[in-house]
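I am opening a notebook on a structure that is new to me, and I want to write down what I look up as I go. The entries follow the order in which I went through it.

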Amino acid sequence: MKQETNTRNRNIMSRKGTVKRQTTGHIMSRVGIRLPLILWSLAVLYPIIWMIIGSFKSNAEIYANPWGIPESFNFQNFIDAWQNYNIGVSLFNSLIVTVLGSLLTLVLAVPTAYALERMVFRGSTLLFNLYISAMMIPMVLGWIPLFFLLMNFNMLDNIYGLTVVYAVSQLPFSIFVLTTFMSSIPKELEESAAIDGMSPYGVLLKIITPLATSGIITVTIMNAIQFWNEYFMALIFLQSRENYTLGLAIDFISNEAEYTNAWGTLFASLTIAMIPVIILYAIFQRRISKGMTEGAIKG
Amino acid sequence: MVQTKKQKYLFLAFCLVPTFLLFSIFTLYPLFSGLYYSFFDWSGSAASMEFIGWGNYVRIFNDSIIPRTIMHDYFLVVTKVFGIMILATFFAVAIMQLKIKEAPFYRIIFFFPNIMSVVVIGILWTFIYNPSMGLVNSGLEFLGLGSLTRPWLGSETWALPSIVLPSIWAGIGLFMLMLMGGIGTISKSYYEAAELDGANEWQQFWKVTLPLIWPQIKVSILYIVITTLNGSFIIVQVMTGGGPNNSTHVMGSYLYQQAFVQYNFGYGAAIGVMILVLSLITIFILQIFLRRDKVQY
């Protein structure tokens, strides 16, 4: 702490025009403050990169030299994951749950967010607070009745049932973020459209939705990552292996690897699960970190 | 707006009713009926459902594993709050005040684990702790500390602390960004004034930076506590499943085991009610505890 403020002081000094020589002490403190940053970067990157590299190693190589660089790259692990563990089916299930879940959340959240943000009606604050407080409630209590509810609806062990559960579970967050975005849209546009004879449905679809695109994209990316990564509800609500999402398939492979030692296959499946997230993050890094930070700040 | 009252209400219903209906079915109803189920002895079939009043709650008080799961949850809460907040504050202050060129690099890298799947994080770290091939033990041997190697996740003493590290690893980025947002709004003139008054760097951190980012710190702590109490069981389930010998069970993973492995759904629901009550009480107490007058200079 002491060191970095030191350097800041130097910055202030030099901005004021007071020429201050950069002593060895200052250089040392600059390096000293960077060292933890660099070490933490390594702590984050190394396991991830190592996991991706591991997916190209043979099992023998993982045993002989688990943390080293592979001697040769081969895709055998990916082929094994595809053939022996049907990872392709799980990949497809995860994709369906993610895409349909994100779309359903939008269809449900956008009109409600608009009504809550723009329309005046009795109980609007109450309804808004109800949605928001659901973000803080531990849902684990609800999962037991939900299990039997899905069973009665014939939606247990069914990825479409899981999709609906996912979509509803992200409603509070989505409504919260969307209302925030919509409150920044100027009211005059809707008013003039209404004077021109546009119905409220038209206003919602043709004026509000396009103007809230930025918010909609943010919410959709956040939800998609959430659904793609989700594990516990899938564990409870899915049972047969052909319905497994990626998280469950990986967990299954991991438990099997205790006995089969198919570590390479495990790394390959972890890599498969990670790649879409890495790609999304590479494209939308700012949006994702901003969306999550703002989502958390609501308290 | 040119529309009749009837049209307005029709549109409102169109916007609100379908969403609220699904929300009621899939969120509100399960929560309330969970409360209801907690008064039954129930193994899953409709015929086996038997009203036992407070029986499940009496059982909670007599179950010797329950106090341990509560302890484990709060152990995770406390270690995560301190671990994440100290490191995140340090990194945030370092990055913001050094004004280093590669700051965006650190932001991007540190945040990434926040969007990784808990399954991936859990399995990755299970391998890092692997007794024979894992990074931790090989690292210790490399440093000549071979005597310190142990089966981390297989040890009753070390399994729970071993779960803290991946949780901190995965959490820091988000809170670092929240604190950086706070530091970014502090006017540089405060530091210049403090400088003129002869405050050293350490005093400036305590008297200027910390009070001014208190709102962000408060929100961060609350968020860590809420997410830990409501979600720590996921990484526990992935990494240890509550073992060895219940030494890592948290309330949520114990609920899962009781309800979905041993089919004691009524008892599981009662544990769920306990989780709800404890987390609401904790948040309430914390909010009083963290209340601190807003600083204005």
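**Entry 1: A:Met136 and its loop**

I began with A:Met136, which has 18 C-beta neighbours inside 10 Å and therefore counts as partly exposed. I keep in mind throughout that this is a predicted model. Looking for its place in the chain, I found A:Met136 in the loop between helix 6 (124-133) and helix 7 (140-152) of chain A. When I set aside neighbours within four places in sequence, the residues in contact with A:Met136 were B:Ile226 and B:Ile283. I also looked up a pair within chain A: A:Met136 and A:Pro172 are 36 residues apart along the chain, and their C-alpha atoms are separated by 9.8 Å.

**Entry 2: A:Pro138**

I then turned to A:Pro138, which also lies in the loop between helix 6 and helix 7 of chain A. Is A:Pro138 buried or exposed? I noted 23 C-beta neighbours inside 10 Å, and because the cut-off for a buried residue is 20 or more, A:Pro138 counts as buried. Leaving out residues up to four places away in sequence, I saw that A:Pro138 touches B:Leu229, B:Asn230, B:Ile275, B:Leu276 and B:Ser279. Between A:Pro138 and A:Ser124 there are 24 Å from C-alpha to C-alpha, with the two residues 14 apart in sequence.

**Entry 3: where the two chains meet**

These contacts led me to ask how many residues of chain B are in contact with chain A. I found that 79 residues of chain B are in contact with 68 residues of chain A. Helix 1 (residues 5-37) of chain B gives the most to the side of chain B that touches chain A, namely 16 residues. By class, I recorded that this side of chain B has 58 nonpolar, 17 polar and four charged residues.

**Entry 4: helix 1 of chain B**

Having met helix 1 of chain B at the interface, I followed its course and noted a kink of about 45°, centred on B:Ser24. I also listed buried residues in helix 1 of chain B, among them B:Phe11, B:Cys15, B:Thr19, B:Phe23, B:Phe26, B:Pro30 and B:Tyr37.

**Entry 5: chain A as a whole**

I next stepped back to chain A, in which I counted 15 helices and zero strands. Of the 299 residues in chain A, buried residues make up 42%. I also looked at contacts in chain A between residues at least 6 apart in sequence, and found that 74% of them join residues at least 24 apart.

The domain assignment of chain A gives domain 1 (2-14 + 21-78) and domain 2 (84-297), and the C-alpha centres of these two domains lie 33 Å apart. I noted that 10 residues of domain 1 of chain A are in contact with nine residues of domain 2 of chain A. Helix 2 (24-54), helix 3 (59-64) and helix 4 (76-84) of chain A each supply at least two residues of the side of domain 1 that touches domain 2, and helix 2 gives the most, with three residues. I sorted that side of domain 1 by class into four nonpolar, five polar and one charged residues.

**Entry 6: the bend in helix 15 of chain A**

What end-to-end distance does helix 15 (residues 263-297) of chain A have? The end C-alpha atoms of this helix of 35 residues are only 40 Å apart, short of the 51 Å that a straight helix would reach at 1.5 Å a residue. I noted a kink of about 95° in helix 15 of chain A, centred on A:Phe284.

**Entry 7: two asparagines with positive phi**

I looked up A:Asn154, which has a positive phi of about 60° although it is not a glycine. A:Asn154 lies in the loop between helix 7 and helix 8 (159-169) of chain A, and with 9 C-beta neighbours inside 10 Å it counts as exposed. In chain B, I found B:Asn245 with phi near 55°, a positive value in a residue other than glycine. B:Asn245 is placed in the loop between helix 10 (214-239) and helix 11 (251-261) of chain B, and B:Asn245 counts as exposed because it has 9 C-beta neighbours inside 10 Å.

**Entry 8: what the record says of chain B**

Last, I consulted the unreviewed UniProt entry, which lists residues 70-286 of chain B as "domain: ABC transmembrane type-1". In the model, I found that span to be 75% helix and 0% strand, with its end C-alpha atoms 17 Å apart. The UniProt annotation "transmembrane region", also from an unreviewed entry, covers several stretches of chain B, including residues 108-128 and 260-290. For residues 260-290 of chain B, I noted 87% helix and 0% strand, with the end C-alpha atoms 37 Å apart.

How values were computed: Residues are numbered from 1 along each chain as its sequence is written. Chains are lettered from A and ligands numbered from 1 in the order in which they are written. This is a predicted model: local features need pLDDT of at least 70, side-chain atom pairs count only at pLDDT 80 or more; totals for chains, interfaces and linings use all residues. Domain bounds come from an automatic or database domain assignment. Two residues are in contact if their C-beta atoms, placed from the backbone, lie within 7 Å. Helices (H or I, at least four residues) and strands (E, at least two) are DSSP runs, numbered from the N terminus. Ala, Val, Leu, Ile, Met, Phe, Trp, Tyr, Cys and Pro count as nonpolar, Asp, Glu, Lys and Arg as charged, and the others, Gly among them, as polar. A residue is buried if 20 or more other C-beta atoms lie within 10 Å of its own, exposed if 12 or fewer, and partly exposed in between; C-beta atoms are placed from the backbone. UniProt positions are given in the numbering used here, feature names are shortened, and annotations may be inferred rather than shown by experiment. The expected span of a helix is 1.5 Å times one less than its number of residues. The bend at a residue is the angle between axes fitted to the seven residues ending there and the seven starting there.
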